[in-house]
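Here are a few exercises to work through at your own pace. Keep the sequence and the model open beside you, and try each task before reading its solution.

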Amino acid sequence: MKLAEMSPLYEDSARRIQVRMEELRLRLRTTEDPDSVRCLRQRLTELQPMLRQCRQLAQLTAHYYDRSDRHHDASRL
């Protein structure tokens, strides 16, 4: 599998994480239990870097073979 073929997989993962974070935020707005609020906030905090990394990897893998795209030089393999 080429890196460019992996890009849609990372995009799909990012989309799923985003949907999950939206669900957690909705639950956070409707939850009154302090322990549940703490757990929901913790989970959102854990998912944020995962979302950012999936988005970055989707971009990187989509354009890895483009010579004109040198924006991600530091991340090249």
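**Exercise 1: A salt bridge in the second helix**

Arginine 43 makes a salt bridge with glutamate 46, with 3.2 Å between the closest N and O atoms. A salt bridge here is a side-chain nitrogen of Lys or Arg within 4 Å of a carboxyl oxygen of Asp or Glu.

Before starting, note that this is a predicted model, in which local features need pLDDT of at least 70 and side-chain atom pairs count only at pLDDT 80 or more, while totals for chains, interfaces and linings use all residues. Residues are numbered from 1 along each chain as its sequence is written, and side-chain values use heavy atoms, with hydrogens and water left out.

Task: place arginine 43 and glutamate 46 in their helix and find how accessible each residue is.

Solution:
- Step 1. Both residues belong to helix H2 (residues 34-62). Helices (H or I, at least four residues) and strands (E, at least two) are DSSP runs, numbered from the N terminus.
- Step 2. Arginine 43 and glutamate 46 are three residues apart, about one turn of the helix.
- Step 3. Arginine 43 has a relative accessible area of 37% and is partly exposed; glutamate 46, at 35%, is partly exposed. The classes are buried (under 20% relative accessible area), exposed (over 50%) and partly exposed in between, using a 1.4 Å probe and protein chains only.

**Exercise 2: Salt bridges along H1**

Task: the whole structure has four salt bridges; work through those of arginine 15 with aspartate 12 and of glutamate 23 with arginine 20.

Solution:
- Step 1. Arginine 15 and aspartate 12 meet through their side chains at 2.6 Å, N to O. About one helical turn separates the two, because they are three residues apart in helix H1 (residues 3-30).
- Step 2. Arginine 15 is partly exposed at 46% relative accessibility, and aspartate 12 is partly exposed at 26%.
- Step 3. Asp12, Arg15 and Arg16 are joined in a network of salt bridges.
- Step 4. For glutamate 23 and arginine 20 the N to O distance is 3.1 Å. Both lie in H1, again three residues apart. Glutamate 23 is partly exposed at 40%, and arginine 20 is partly exposed at 36%.

**Exercise 3: The buried residues of H1**

Task: compare the span of H1 with its expected value, then list its buried residues.

Solution:
- Step 1. H1 has 28 residues and spans 41 Å from first to last C-alpha, close to the expected 40 Å. The expected span is 1.5 Å times one less than the number of residues.
- Step 2. Leu3, Ser7, Ala14, Ile17, Met21 and Leu24 are buried in H1.
- Step 3. H2 is among what covers these residues.

**Exercise 4: Threonine 61**

Task: which residues does threonine 61 touch, leaving out those up to four places away in sequence?

Solution:
- Step 1. Threonine 61 sits in helix H2 and is buried at 5% relative accessibility.
- Step 2. Threonine 61 touches Leu3, Ala4, Met6, Ser7 and Tyr10, where contact means heavy atoms within 4.5 Å.
- Step 3. A polar atom of the threonine 61 side chain lies 3.3 Å from the backbone oxygen of alanine 58.

Terms used:
A polar contact is a pair of N or O atoms within 3.5 Å; within protein, one must be able to donate a hydrogen and the other to accept it, and residues adjacent in sequence count only if both atoms are side-chain atoms.
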